[in-house]
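Colleague: Before I use this one, could you talk me through where its labels come from?
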Amino acid sequence: MAVNYEIYDETAERSRTISVEFLGNLLAPSFGTFDANFDYYFRIRTGVRDTSDNAIPEQLVLSLDELALNGLKQARSDTAVDYTDINDMIEDYLYDFVNGHAADKYSSGVEYRAPMSF
Amino acid sequence: MATIQIFHEETGSTYTVSAVLKSSILSDGDMTRNSYLIVSTTIRQIDGSVYPKYLVKNLSDIAPGAGAATNFTELINGYIEYFVSQSQFGQSSSSSSTSSSSSSDSSAEYSESSSSSGGQSVSSESSSSDNYSVSSVSSLSSLSFSSESSSSQSESSSSSENYSVSSVSSESSSESSSSSS
């Protein structure tokens with residue numbers, strides 16, 4: 001059961017949806033080793049493409065210290081402080097999905113990603 | 001939604017522990033929209049009563065008596081172990097781990113009128129311990145990305161530049177094409 005966050009763009013006069021769900025699965029992570037134990041995590045994704053017509057990659061969040069920019073920095077401000085709660089984490093990830101980010105934003109090492117298209 | 005199935009070998013019954021992401025205004029909050037998890041179970045307490053639903057807003061909202069959690073896996077496992085040990089599922093086992101505790105709970109008990117779920121489930125690996133086993137079931141609910149889903153609309157909660165997070169809908173994202181069985 002996902003929660004859909006609807007983002008409305010005043011200029012384009014249309015809204016887009018970003019979906020967040022909480023899952024428990026055997027997870028084969030992109031980084032790190034696989035173990036046969038269940039992991040519980042948030043999955044954030046959207047079918048909307050960015051303004052460069054690239055797909056916006058989905059994000060998995062296993063803990064509140066996994067910050068939106070490469071796990072190192074929050075997207076909304078130059079801070080490496082853990083998210084205070086689930087709501088704070090989701091809002092920051094939504095911000096990053098919508099706005100994209102500059103290359104190496106806040107010295108996080110991220111690659112450039114264009115804003116979400118509306 | 002993450003749904004964990006627990007098979008109680010002694011009774012042959014299967015129970016579930018669910019962790020569901022929700023987003024709404026909390027009655028005891030400041031009337032801003034919040035996202036949080038609700039952890040619930042079908043396991044009954046020793047006296048036959050139901051367990052309360054637990055509202056989880058951060059990693060400090062651990063199960064009663066559970067240790068600190070550094071991630072959501074530890075957090076949810078803490079709840080599963082709490083339910084199982086409190087209900088003494090492993091009681092008759094020779095090596096049961098009933099770490100029953102009645103310490104203060106840092107997590108707020110949560111009640112709501114209804115909670116329905118409609119995700120399909122995919123059962124996977126199970127691990128047994130003592131005389132119960134846990135298998136995880138997770139639902140990949142159907143999603144609709146291109147069209148607006150709207151089962152519950154709410155007021156704008158935050159805005160930035162020329163967009164605003166205007167609504168949150170949950171429960172059913174039905175107009176999707178993914179309908180795996």
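What follows is a short back-and-forth on terms and values.

Modeller: First, this is a predicted model, where local features need pLDDT of at least 70, side-chain atom pairs count only at pLDDT 80 or more, and totals for chains, interfaces and linings use all residues. Residues are numbered from 1 along each chain as its sequence is written, while chains are lettered from A and ligands numbered from 1 in the order in which they are written.

Colleague: What makes the pattern of chain A?

Modeller: Helices (H or I, at least four residues) and strands (E, at least two) are DSSP runs, numbered from the N terminus. Chain A has four strands and one helix by that count, and along the sequence they read β-β-β-β-α. For chain B the tally is nine strands and one helix, in the order β-β-β-β-α-β-β-β-β-β.

Colleague: How do you know whether the radius of gyration of chain A agrees with a compact globule?

Modeller: The radius is taken over C-alpha atoms, and the globule rule is 2.2 Å times the number of residues to the power 0.38. For 118 residues that gives near 13 Å, and chain A has 14 Å, so the two agree. Its C-alpha atoms fill a box of roughly 45 × 35 × 25 Å along the principal axes.

Colleague: Why is a residue called buried or exposed?

Modeller: Buried means 20 or more other C-beta atoms within 10 Å of its own, exposed means 12 or fewer, and partly exposed is in between, with C-beta atoms placed from the backbone. Buried residues are 43% of the 118 in chain A and 38% of the 181 in chain B.
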